[in-house]
Amino acid sequence: MEENLLTKSSQTTSARFAIEGMDCQACANRIEKVLRRQQGIQTADVNFASDELQTRFDSKLLSTEDIVQMVAKTGFKATPASESSFNALAEADSSKHTGIAWRLAIIWLIAIPFIIGMLGMLIGKHWMLPPLWQFILATIIQLGFAWPFYTSAIKSLQGGVANMDVLVSLGTLAIWLYSSIMLFNHQNHAHQYIYFEASVMVIAFVSLGKYLEQRTKKQSLNSMSLLLQLTPKMVRKQTENGWQEVPLSQIQTGDILQTNAGNRIAADGLVHSGEAWCDESYLTGESKPLLKQTGDKVLAGALISNGSITYQAQTLGSQTLLGDMMQALAQAQGSKAPIARLADKVSMVFVPTVVAIAVLTFLLNWWLGNGINEAVTRGVAVLVIACPCALGLATPAAMMVGMGRSARYGVWFKDAAALERTSQVDTVVLDKTGTLTSGQPQIVAQWQAPESKYSQQKILQLAAAVEELTTHPLAQAIIKAAQQQQLTPLTATNSHSDIGQGTLAQVENYGTIKVGNPTYCSFNIPEELKQQEIWRIASIVVVAINDKLEGAFAIADALKKDTVQAIQRLKQQHIDIYIMSGDQHSVVEYIVKQLGINHYHAEMNPRAKAEAVRQLMQQGNVVAMVGDGINDAPALAAADVSFAMYGGADVATNTASATLMRHSVTQVADALALAHATVRVVKQNLFFAFFYNILGIPLAAIGLLSPVIAGAAMAMSSISVLLNALRLKKSGLE
């Protein structure tokens, strides 16, 4: 995936960039504000949780390098998104993470004497370092290890938006300056006027909070790093000198590769030899391992749980299904949901408002006679408690986890807005063929003549031998059924077919076998079968042996194995279900009765489907359409939310809000449940973030929260929001 992930349409180009250096939502807002002011920029959205910028711009006016330079002017580094850039950023983040850990360790080492003194006060032991020593240690922290806060704050103000580091810098500098002035003006009684421990502990707690936040965000929220780990770095390749271990980067299309149990497939390709059980759940959501044999397709990243295979590489890197998933997931996680706009708007005005409240707090407390010491302390506490990190993380953190988990269930949402809209769905419209049913003819019933001397399995075996000589879809259904029952193939000779009627042939020692429609085999359907609906709507294939009627098959497009259970899950979620199909009325009615669905329409053309969807929406319903064919595309485009089956018609997939990898309605139920859970967590996060600030600011203003406690609480608020989002990884699907 070395190429930039760009898509072009006339003069408009879409691009993604990985952003380095953001500390809070205000940083993301600053980048957006600067970019949106530039001529040629159509949209610019920065996701703080994923550290990504997604933008659309006029390619005749701007290039990706121009955007990189624009971001640089805001104080951050932008890198066009590609697999190599993700790897480079991961390594840079790891190095940066190590540097932050060392700086944090030194800060807390210096803070130990202050901690001991503060703990002593709690138990009535008033011990503290001599004032001069407090000044020296606090100055090392304030003018040394706190410098990253100042540089971030300055860059933020230069960009026209104040971030959380402005609050921390103002608060701790105010305490340090005030305490320093009091120290040198009241040397004999300095301990009564200095609060160096407050500035030191605020910086210590905020630094700890940032460290934990970055660690949690990078390691737990973003699924990209997990996907990058699915492809092996070294691969066994067949060469002139035998099998050799080579780096994945040296593999080319057409190479023969080998993978054994416990290892992963390196490329999409076809099995060359051997057999093995493969786990592809990371892509399709199918939990059961699949048996791969010669000629079967294997997917990059699949884990071999048992067996060993050689396979020929057909597609590599970004062209594999795994690569496509990584791009889709990265784009979706980097996008913003409409609900995030509320937090963005609040963050834009939050810091200036807090600074004003802090100044007002200081003035009022001084005016009310609480003393300058108390006034400064309360003003600083307001600054520290109000840092808006939790607010900035509330929405994107939950969205990233939700979409990452959806991908593991085989549901690829196009963007965060699609996931949010899915949570509001109350009506689901289902196509029949390929969605509820397999889309391929199957034997759904078998009849045996009362006087037949052959078993049902033998009749199927003989029919399959004759049908091996034809390519008719109904013939393939019989052949497939015989293979599924592992019946020994028989040899047919002297075949003769009447097009549209049937086929006769000689089968080993059994004589002449005729397989065809009832007229071809002179078969009058018994009254007992006419009374069964399946025999009225299905295609009937009759088997005669030496001109004697032996049995018949009812062949139809059968329901998928999990369809009934999936429909029940949708009903449990209080979803109204409609079936809209182009198939004949009797067939659709039969399917509806099996599923217990009350609303259905048959013999519909694409235009009629789309119009019916619009009518449901006009009645106030939030409609999701599920389909896989070209004829479903108009309805998919008309619906509020649309789900397309992966591998179906391109026009359907491109139109859809989400792609279902497993061709199963079960995944629709999964998607709705995950969307509900994700938006519920987003609302919880927003509530706690707003509630935290609304409660914390007045408590700090009246002196019930010291700057030290405020710093610790502010740091932990961001962690609590992240941990709440991470609950989505383990929550059950209802």
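This section describes the overall make-up of a predicted model, followed by its nonpolar cores, one of its helices, selected loop residues and its salt bridges.

The protein comprises 734 residues, of which 54% are buried. Its secondary structure consists of 25 helices and 25 strands. Among contacts with a sequence separation of 6 or more, 68% are formed by residues 24 or more positions apart. The accessible surface amounts to about 32400 Å², and carbon and sulfur atoms contribute 55% of this area.

In soluble globular proteins, nonpolar side chains tend to be buried together. In the present model, the largest nonpolar core contains 68 residues, and Phe413, Leu436, Trp535, Ile567, Leu570 and Phe643 have the most contacts inside it. Helix H24 supplies the largest share of this core, with ten residues. A second core, separate from the one just described, has 31 residues, including Ala111, Met128, Ala138 and Val384. Phenylalanine 643, one of the residues with the most contacts inside the largest core, touches residues that include Phe413, Thr422, Leu636, Leu660, Val668 and Ala671, when residues up to four places away in sequence are not counted. Its partners under this criterion also include Ala624, Met625, Val626 and Gly627, as well as Ala656 and Ala658.

Helix H19, spanning residues 563–572, has Thr563, Ala566, Ile567, Arg569 and Leu570 as its buried residues. These residues lie on the same side of H19, because they cover an arc of only 160° around the axis. Gln565 and Gln572, on the other side of the helix, are exposed. The cover over the buried residues of H19 includes three strands, S14 (427–430), S20 (548–559) and S21 (576–580), together with helices H20 (585–595) and H24 (665–701). Two of the buried residues of H19, Ile567 and Leu570, are also among those with the most contacts inside the largest nonpolar core. Arg569, also buried in H19, forms a salt bridge through its side chain with that of aspartate 670, at an N to O distance of 2.7 Å. This pair connects H19 to H24 across 101 residues of the chain, and both arginine 569 and aspartate 670 are buried. Just after H19, histidine 574 adopts a positive phi of about 60°.

Buried residues also occur in the loops. Lysine 560 is located in the loop between S20 and H19 and counts as buried because its relative accessibility is 15%, below the 20% cut-off. With residues up to four places away in sequence left out, lysine 560 touches Gly434, Thr435, Leu436, Thr437 and Ser438, along with His663 and Ser664. Serine 581 occupies the loop between S21 and H20 and, at 2% relative accessibility, is likewise classed as buried. Beyond its neighbours within four places in sequence, serine 581 is in contact with Asp431, Lys432, Val588, His601, Ala602, Glu603, Met604 and Lys609.

Positive phi values are also found at two further non-glycine residues. Serine 522 has a phi of about 55° and lies in the loop between strand S18 (512–516) and helix H17 (527–530); at 66% relative accessibility, serine 522 is exposed. Asparagine 546, with phi near 50°, is placed in the loop between strand S19 (539–545) and S20. Its relative accessibility of 46% makes asparagine 546 partly exposed.

At the surface, Leu132, Trp133, Ile136 and Ile140 form a nonpolar patch of about 390 Å². Of these residues, isoleucine 140 belongs to helix H4 (residues 131–145) and is partly exposed, at 37% relative accessibility.

The count of salt bridges comes to nine. In one of them, the side chains of lysine 237 and aspartate 255 meet at 3.5 Å, N to O. Lysine 237 is in strand S6 (residues 234–239), whereas aspartate 255 is in the loop between strands S7 (242–247) and S8 (256–260), 18 residues apart. Both lysine 237 and aspartate 255 are buried. Another salt bridge joins the side chains of glutamate 611 and arginine 614, at 3.6 Å, N to O. Glutamate 611 and arginine 614 are separated by about one helical turn, because they are three residues apart in helix H21 (residues 606–618). Glutamate 611 is partly exposed at 36% relative accessibility, and arginine 614 is partly exposed at 37%. In addition, salt bridges with shared partners link Glu32, Arg36 and Asp45 into one network.

Terms used:
Residues numbered from 1 in each chain as written. Predicted model: local features only at pLDDT ≥ 70, side-chain atom pairs only at ≥ 80, totals over all residues. Heavy atoms only, no water. Buried < 20%, exposed > 50% of the residue type's maximum accessible area, 1.4 Å probe, protein only. Helix = DSSP H or I, 4+ residues; strand = E, 2+ residues; numbered from the N terminus. Arc of directions from axis to C-beta. Contact = heavy atoms within 4.5 Å. Core = buried A, V, L, I, M, F, W, Y, C linked by side-chain atoms within 4.5 Å. Areas by Shrake-Rupley, 256 points an atom, 1.4 Å probe, with all protein chains shown as cover. Patch = residues over 30% accessible without salt bridge, like charges linked within 9 Å, V, L, I, M, F, W, Y side chains within 5 Å. Salt bridge = Lys/Arg side-chain N within 4 Å of Asp/Glu carboxyl O.
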